[in-house]
Amino acid sequence: MAIKIINCDKLKQKPEKATSFGKVFTDRMYVRECVDGKWGDGVIRPFDALELAPCSSVLHYGQAVFEGLKAYRNAKGEVRLFRARDNFKRMQSSCERLCIPPVDVEEAHAALTELVKLERDWIPTEIGTSLYIRPFVFADDRSLGVHAAARYKFIIILSPSGAYYAHGFDPVALKVERDYVRAVRGGTGAYKVVGNYAASILAGELARSQGYDQALWLDGVHRRYVEEVGAMNIFFVLDGKLITPALNGSILPGITRDSVIKLARGSFGITVEERAIDISEIIDGAKSGALTEVFGTGTAAVVSPVDRIGDNGVDYIIGEKGKVGNIAATLSKALTDLQTGEAPDTFGWTEVVCS
Ligand code: PLP
Ligand code: COI
């Protein structure tokens with residue numbers, strides 16, 4: 001797979017500080033096309049609008065998947081990727097679920113490495129900032145039949161970003177969603193496909209209009225087992241134990257979730273239970289004080305403490321309002337130190353792409 005590089009004549013003004021999430025994009029992007037099941041050579045070219053026909057199949061049926069990962073640059077100037085191959089493996093499984101010809105993991109990785117090296121000056125270095133990487137694949141057939149497309153595009157764009165939530169590492173508030181469901185087993189919840197996000201927007205907007213940050217999803221069948229949050233997996237410290245919903249076929253297998261579980265067990269000797277969690281356990285624990293911490297995990301959100309959960313119009317405060325719990329703080333620091341190269345990586349998750 002060759003990568004052609006098209007010169008970028010006009011470079012954009014870089015922001016002084018990365019304060020927002022996903023609003024600013026670098027000078028270049030990577031684009032690769034697939035025709036009749038064969039991925040062609042890729043090209044790195046100036047970040048610009050795409051040309052899409054009004055009948056492009058993605059606009060009608062949403063045959064599209066995406067990923068989210070990050071590059072970090074530390075004070076020594078080293079640029080690191082975190083578990084990039086795991087993201088591309090998950091992208092393959094999302095592609096397979098939507099009948100999209102999967103992109104080879106090593107080829108995707110090579111393209112990303114090349115792009116990040118070219119755009120390294122865009123990577124912010126302040127604490128809590130990074131280069132957010134958004135690879136995505138979409139169908140681009142010019143016809144209206146509902147079937148697997150013959151043409152696809154794989155694109156990677158880069159965005160220097162700060163915290164995902166506008167209030168940074170401050171705790172967030174979640175609303176238990178009782179009316180709508182995100183996913184069911186056999187559906188697409190365990191894959192990073194765009195339709196999952198379209199289906200979640202209404203509940204997210206309702207939660208926000210009622211003073212919460214995101215919806216906390218329950219399972220689609222029993223409507224009682226906790227699944228995850230709009231853009232994060234979820235953890236609870238209940239009766240002194242760290243627990244998280246088991247991957248049951250309708251939850252996204254988060255890479256941050258997996259990293260936090262391995263860090264908790266491997267570096268801190270914390271027992272982590274992956275199991276079905278009834279929302280009534282959580283509400284009872286919040287009432288009795290047995291629930292001492294709640295936090296979400298995700299690439300964009302990192303480790304996001306939760307200090308309030310609303311359910312059926314009643315708010316439950318977890319821990320001390322506005323304060324980050326000990327376990328969330330410990331795991332968050334350990335994870336970000338490892339990602340930025342501040343601490344040695346005994347898990348083999350990070351790779352230096354340039355320095
Ligand atoms: N769950 C959902 C629905 C997400 O969108 C994300 C973000 O990617 C996650 C969980 C966390 O996954 P990861 O840690 O791989 O970013
Ligand atoms: C990520 O954490 O990378 C995500 O994809 C979340 C996103 C939906 C903002």
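This short talk walks through the two ligands in this structure and the residues around them. Keep in mind that the model is predicted.

Let's start with ligand 1. How many residues surround ligand 1? There are 17. The closest are Lys192, Tyr197, Glu228, Thr256 and Thr299.

Look at the polar contacts next. Take Tyr197 to begin with. An N or O atom in its side chain is 2.5 Å from an oxygen atom of ligand 1. Then find Glu228. One of its polar side-chain atoms lies 2.5 Å from a nitrogen atom of ligand 1. Now go to Thr256. Here a polar side-chain atom lies 2.5 Å from an oxygen atom of the ligand.

How much of ligand 1 does the protein cover? On its own, ligand 1 has 390 Å² of accessible area, and the protein covers 96% of that. Where does ligand 1 sit? In the largest pocket.

Which elements give two or more residues to the shell around ligand 1? Two strands and a helix: β11, at 226-229, β15, at 291-298, and α5, at 255-268. Sort that shell by class. You get 6 nonpolar, 7 polar and 4 charged residues.

On to ligand 2. Its surroundings include Phe21, Phe66, Tyr132, Arg134 and Tyr164. Lys192, Tyr197 and Thr299 are also among them. Remember those three names: they were listed among the closest residues to ligand 1 too.

Again, the polar contacts. The side chain of Tyr132 has an N or O atom 2.6 Å from an oxygen atom of ligand 2. For the side chain of Lys192, the distance from an N or O atom to a ligand 2 oxygen is 2.7 Å. Thr299 uses its backbone. A backbone N or O atom there lies 3.4 Å from an oxygen atom of ligand 2.

Now the cover. Ligand 2 on its own has 290 Å² of accessible area, and 89% of it is covered by the protein. Ligand 2 also sits in the largest pocket. Its shell divides into 7 nonpolar, 2 polar and 2 charged residues.

One last point. Why does ligand 2 lie between domain 1 and domain 2? Because both domain 1, 3-162, and domain 2, 172-340, give residues to its shell.

Definitions and conventions: Residues are numbered from 1 along each chain as its sequence is written. Chains are lettered from A and ligands numbered from 1 in the order in which they are written. This is a predicted model: local features need pLDDT of at least 70, side-chain atom pairs count only at pLDDT 80 or more; totals for chains, interfaces and linings use all residues. Side-chain values use heavy atoms; hydrogens and water are left out. A residue is near a molecule or strand if one of its heavy atoms lies within 4 Å of it. A polar contact is a pair of N or O atoms within 3.5 Å; within protein, one must be able to donate a hydrogen and the other to accept it, and residues adjacent in sequence count only if both atoms are side-chain atoms. Accessible areas come from the Shrake-Rupley method with a 1.4 Å probe; for residues, only the protein chains shown count as cover. On a 1 Å grid over the protein atoms alone, a cavity is a set of points where a 1.4 Å probe fits but cannot get out, and a pocket is an open set with protein on both sides within 12 Å along at least five of seven lines; lining residues have an atom within 4 Å of a point. A molecule sits in a cavity or pocket if more than half of its atoms lie within 2 Å of its grid points. Helices (H or I, at least four residues) and strands (E, at least two) are DSSP runs, numbered from the N terminus. Ala, Val, Leu, Ile, Met, Phe, Trp, Tyr, Cys and Pro count as nonpolar, Asp, Glu, Lys and Arg as charged, and the others, Gly among them, as polar. Domain bounds come from an automatic or database domain assignment.
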